[in-house]
Amino acid sequence: MTGVRPPEGVVCIPLPTPFLVPDVNVYLLKSDPPVLIDVGPNIPEAYDRLAAGLAKAGYRLTDIGAVVLTHEHIDHSGLLAQVMAESGAEAYAHPAAQRQLAEYDSRAENGIEVYAAMLRAFGADEAAAAASI
């Protein structure tokens, strides 16, 4: 995060995505219990960086008591099932996002393919489209 510092008690944890976009930010609220704002995409690199960011702040995934999702996009919600399984955390999201989250697996698979096809349609070379998958 450049130029802006989170307030005291809030830790920004940037996570990589498999898309041609910059990192997404997950926020740890150092509360009792600790809360995550978003969880990042469901890729091993994001999971590893989330675990490392929590450890640097003195926490483990098992410490997390709640997850608040800002929205249902897969780069912000992909690790939700894994985080909930490891931590037992409650998850909170806007009601309009809950149906989308329940269908995450099929949305993720279809969304990545649609995104790659869109890149090709707009003239991206095959290497760039493949890198998005």
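This note goes through the sheet, one helix packed on it and one buried residue.

1. The model is predicted, so that local features need pLDDT of at least 70 and side-chain atom pairs count only at pLDDT 80 or more, while totals for chains, interfaces and linings use all residues. Residues are numbered from 1 along each chain as its sequence is written, and side-chain values use heavy atoms, with hydrogens and water left out.

2. Five strands (DSSP runs of E, at least two residues, numbered from the N terminus) form an open sheet of mixed pairing in the order β1-β2-β3-β4-β5, where a pair requires at least two DSSP bridges between the strands. Because β1 (10–15) and β5 (90–92) each have a single partner strand, they stand at the edges, with one side left without a neighbour in the sheet.

3. β1 and β2 run antiparallel and are joined by six bridges, with Leu 15 having Val 24 of β2 as its bridge partner. Strand β2 (residues 24–29) also pairs with β3 (residues 35–37) in the antiparallel sense, over three bridges, and a hairpin through five residues joins β2 to β3.

4. Along β2 the side chains alternate: Val 24, Val 26 and Leu 28 point to one face and are buried, whereas Asn 25, Tyr 27 and Leu 29 point to the other and are not; buried means under 20% relative accessible area, with a 1.4 Å probe and protein chains only.

5. Asp 75 belongs to helix α2 (residues 74–77), a helix being a DSSP run of H or I of at least four residues. Asp 75 is buried, with a relative accessible area of 15%, and, leaving aside neighbours within four places in sequence, Asp 75 is in contact with Thr 17, Phe 19, Val 24, Gly 40 and Pro 41, contact meaning heavy atoms within 4.5 Å.

6. Helix α1 (residues 44–56) lies across β1, β2 and β3, and runs at about 155° to β1, with axes fitted to C-alpha atoms (for helices over the stretch in contact) and angles from 0 to 180 degrees between N-to-C directions.

Notes: Buried < 20%, exposed > 50% of the residue type's maximum accessible area, 1.4 Å probe, protein only.
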